[in-house]
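Please describe how the strands and helices of this predicted model are arranged, and which residues make up its interior. A careful account in running text, with one small table, would be welcome.

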Amino acid sequence: MTATRGRVVHLDGVKPIKWAGETGRWLLRGEDTGGLYSFFEVTTPPGGGPPLHIHEDVDESFYVIDGEYEIELDGEKHKAPAGSLVYGPRGVGHAFVNTWHRPSKMLCIATPGGVENWFEELGRLIDGQGPPDWEKMQALATKHHIVGFRPKRGPLAAGGGRPGGPPEGGRPGGAPGGASLGRG
C-alpha cells in the first residue's frame, strides 16, 4: 500500500467528467487513496444510465442520494430510491437507469481505485459525436477489463431510445439484450 496524505475536497472544486449523458465528479481518485479505491458522484438524466456490463476486476457500491434508479444486478431488477445502497461485486453483470422525472444522483465507491480513467477515456471517445466506433469501444473496454453488452437503444446504439438505458432482458452470455463489448 502506498502512503497517502489526508485531503479535504469540495464538490464545487471538482471538474465534472461527461460520458453518454451522465456526469461524474471524482472526489477521490485512485492516486489519492494509494490505489485502494475511488469515490465519486454520478448524476444521471431521466431515462439515462449504462447498459449491462461487467467489471472483471473492480467492485462497485452505489448509494442513491437523490431521485430513483432501477438497478439490474445479476439479472434481477431492483428499485433503488434515495437512501438505497447497491453493491455490485466484480464479475457480476449490472446496469442502471434513472426512473425519476429529474436527474438522479448517487455516490459511488470503486475498489481498487482508478476506474476514473475508464470514464475519462470513454468521455473522450464518445464526446457528443454520435454513436461511437464499436471497434474502438471494444478496445477501450478490453483495456479496462470491462465486458459490456451493446444496448439496443440510446446514444451507444445505432438509433434512438432511452439514453444509455439497460437492454431489455439483457444478461451476460448471449441472452437477449445486446452484443458483447470487450472480453467475452
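L28 stands opposite F39 in β3, where strands are DSSP runs of E of at least two residues and helices are runs of H or I of at least four residues, both numbered from the N terminus. This pair belongs to the contact between strand β2 (residues 22-28) and β3, which run antiparallel and are joined by five bridges; two strands count as paired if DSSP finds at least two bridges between them. The model is predicted, so local features need pLDDT of at least 70 and side-chain atom pairs count only at pLDDT 80 or more, while totals for chains, interfaces and linings use all residues. Residues are numbered from 1 along each chain as its sequence is written, and side-chain values use heavy atoms, with hydrogens and water left out.

The wider setting is an open sheet of six strands in the order β1-β2-β3-β10-β5-β8, with antiparallel pairing. Because β1 and β8 stand at the edges with a single partner strand each, one side of each is left without a neighbour in the sheet. Direction ignored, neighbouring strands of this sheet are turned by 25 degrees against each other on average; axes here are lines fitted to C-alpha atoms, for helices over the stretch in contact, and angles run from 0 to 180 degrees between N-to-C directions. Helix α1 packs on the sheet and touches β1, β2 and β3, its direction making about 60 degrees with that of β1, where contact means heavy atoms within 4.5 Å.

The table gives further antiparallel pairings.

| Strands | Bridges |
|---|---|
| β3 and β10 | seven bridges |
| β5 and β10 | seven bridges |
| β5 and β8 | four bridges |

Individual bridge partners can be placed within these pairings: F40 is matched with C108 in β10, Y63 has L107 in β10 as its partner, and S61 stands opposite Y87 in β8. In a regular strand the side chains alternate between the two faces of the sheet. Strand β8 (residues 85-88) shows such an alternation, with V86 and G88 pointing to one face and buried, whereas L85 and Y87 point to the other and are not buried; buried means under 20% relative accessible area, exposed over 50%, and partly exposed in between (1.4 Å probe, protein chains only).

Strand β3 (residues 38-44) is largely enclosed by the rest of the structure, because six of its seven residues are buried. T44 lies in this strand and counts as buried because its relative accessibility is 0%. The side chain of T44 makes a polar contact of 2.8 Å with that of E22 and another of 3.0 Å with that of Y69; a polar contact is a pair of N or O atoms within 3.5 Å, of which, within protein, one must be able to donate a hydrogen and the other to accept it, and residues adjacent in sequence count only if both atoms are side-chain atoms. Not counting residues up to four places away in sequence, T44 touches E22, G49, Y69, F96, N98, P103 and S104.

What touches the most other members of the largest nonpolar core? Of its 29 residues, these are W19, W26, F40, Y69, M106, W118 and L122, a nonpolar core being a set of buried Ala, Val, Leu, Ile, Met, Phe, Trp, Tyr and Cys residues joined through side-chain atoms within 4.5 Å. At least two residues of this core come from each of β1, β3, β5 (59-66), β6 (68-73), β10, α1 (116-126) and α2. A second, separate core of five residues includes I54, A95, V147 and F149.

In helix α2 (residues 134-143), the buried residues are W134, M137, L140 and A141. Seen down the axis of α2, these fall within an arc of 120 degrees, taken from the directions from the helix axis to the C-beta atoms, so they line one face of the helix. On the other side of α2, E135 and K136 are exposed.

Finally, some backbone details deserve attention. Most residues other than glycine have a negative phi, and most peptide bonds are trans. H145, in the loop between α2 and β11 (146-149), has a positive phi of about 60 degrees although it is not a glycine. D74, in the loop between β6 and β7 (76-81), likewise has a positive phi, of about 55 degrees. A cis peptide bond with omega of about -5 degrees joins T111 and P112, and P112 is found in the loop between β10 and α1.
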